[in-house]
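Colleague: Got a minute? I'd like to walk through this one with you.
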Amino acid sequence: MTQYTTDYIRYTWQMINGFRAEHEKSLANFRQRDLSHILNGARSLQILDLANGRLRPQFAILKSAGHQIYGIDFINRPTTSPTNIAYGVARQMYRWKLQLPQSAMTDDKLLCGDVGILPFKDDSFDLITSIAAFEHFLDVSSVVKELYRVLKPGGMVWACIHLFTAPSGGHNLSFAQLPLRTLPKGVEPWDHLRQRRLPFHVPLNEWRKAQYIAAFQHHFEILNDYCALREGEHLLTPAIEKELGQYTRDELTCWAYVIVARKPADGGASVE
Ligand SMILES: C[S@@+](CC[C@H](N)C(=O)[O-])C[C@H]1O[C@@H](n2cnc3c(N)ncnc32)[C@H](O)[C@@H]1O
């Protein structure tokens, strides 16, 4: 059995036993904590889920909370392929495990498009949220500039990034271990950084924390940045830490790096 087959079986089991739903809930809880000042109000917010993905759990969670939520992703296309039908079943599984109403799954505000050219007017959104997607954007600076344009003054970004420098950041290992605990036989930890073991199966920009912060600081006030989920601390031997001395321990073990940023209330002056 290939690693992929094993991963899909494991992932399906994690959907059934609720592990994946719990993971999404915990990310939503971080967002709720960081943005309680806007999410706890009575007002329904205009929210964009940037690169919502095929399963779109966060879209459903925010929609069921009564917000006007839009999603944009390359994959937002209506098709009836067997793969799409399987994803439809998986979405229902999320709905069941997250105890969301059927209305949370409606897709009337899902657009197919590139996050670097957003099809929205200036000052449209109160909040833009994104999970495990920024690492795939190949022109992050353009995306951040677009976020600035479409956010209302005072609007917030909550981005959770799967860092390239994490043990699983090369996307060349198990995608069903969350966090990564074991490696296939013969595979060394951080081999994507140490030996550039390829292929990476998805586009990856290979950005580090400092690059993301710099791109956001160009346009936004950074209110917070932190690691929400770690992995691989048990794999980081003193010898590997020395070999990877150009990276900090923090970035080598951070899977989910969160940036909370705000567009200045007066619109601010974005640095060109
Ligand atoms: C790992 S998935 C994450 C999806 C979702 N946020 C989640 O947490 O399940 C990354 C998504 O980014 C989308 N994506 C990557 N680059 C994009 C771009 N430039 N424009 C639109 N979508 C993009 C992919 O199609 C994919 O659905």
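Modeller: Sure. A term to start with: a residue is near a molecule or strand if its C-beta atom, placed from the backbone, lies within 6 Å of it. Also, this is a predicted model, where local features need pLDDT of at least 70 and side-chain atom pairs count only at pLDDT 80 or more, while totals for chains, interfaces and linings use all residues. Residues are numbered from 1 along each chain as its sequence is written.

Colleague: Okay, which residues come nearest to the ligand?
Modeller: There are 15 residues around the ligand, and Ala51, Gly53, Val115, Ile131 and His136 come nearest.

Colleague: And what's the shell like by class?
Modeller: It has 9 nonpolar, 4 polar and 2 charged residues. Here Ala, Val, Leu, Ile, Met, Phe, Trp, Tyr, Cys and Pro count as nonpolar, Asp, Glu, Lys and Arg as charged, and the others, Gly among them, as polar.

Colleague: New topic: strand S1. Is it buried or exposed?
Modeller: S1 covers residues 46-50, and 5 of its 5 residues are buried. Buried means 20 or more other C-beta atoms within 10 Å of a residue's own, exposed means 12 or fewer, and partly exposed is in between, with C-beta atoms placed from the backbone. Strands (E, at least two residues) and helices (H or I, at least four) are DSSP runs, numbered from the N terminus.

Colleague: Which residues sit on each side of S1?
Modeller: Gln46, Leu48 and Leu50 are on one side, with Ile47 and Asp49 on the other.

Colleague: What does S1 pair with?
Modeller: Strands pair if DSSP finds at least two bridges between them. S1 has 5 bridges to S2 (residues 68-73), running parallel, and 3 to S4 (residues 125-131), also parallel. Asp49 has Gly71 in S2 as its bridge partner, and Ile47 stands opposite Leu127 in S4.

Colleague: Switching again: where's Lys25?
Modeller: Lys25 is in helix H2, residues 19-34. It counts as partly exposed because it has 15 C-beta neighbours inside 10 Å. Lys25 and Leu98 are 73 residues apart in sequence, yet 7.8 Å apart in space, C-alpha to C-alpha.

Colleague: And Leu100, where is that?
Modeller: Leu100 is in the loop between helix H5 (82-97) and strand S3 (110-112). With 18 other C-beta atoms within 10 Å, Leu100 is partly exposed.

Colleague: What does Leu100 contact?
Modeller: Leaving aside neighbours within four places in sequence, Leu100 is in contact with Ala60, Ser64 and Arg95. Contact means that the C-beta atoms, placed from the backbone, lie within 7 Å.

Notes
Two residues are in contact if their C-beta atoms, placed from the backbone, lie within 7 Å.
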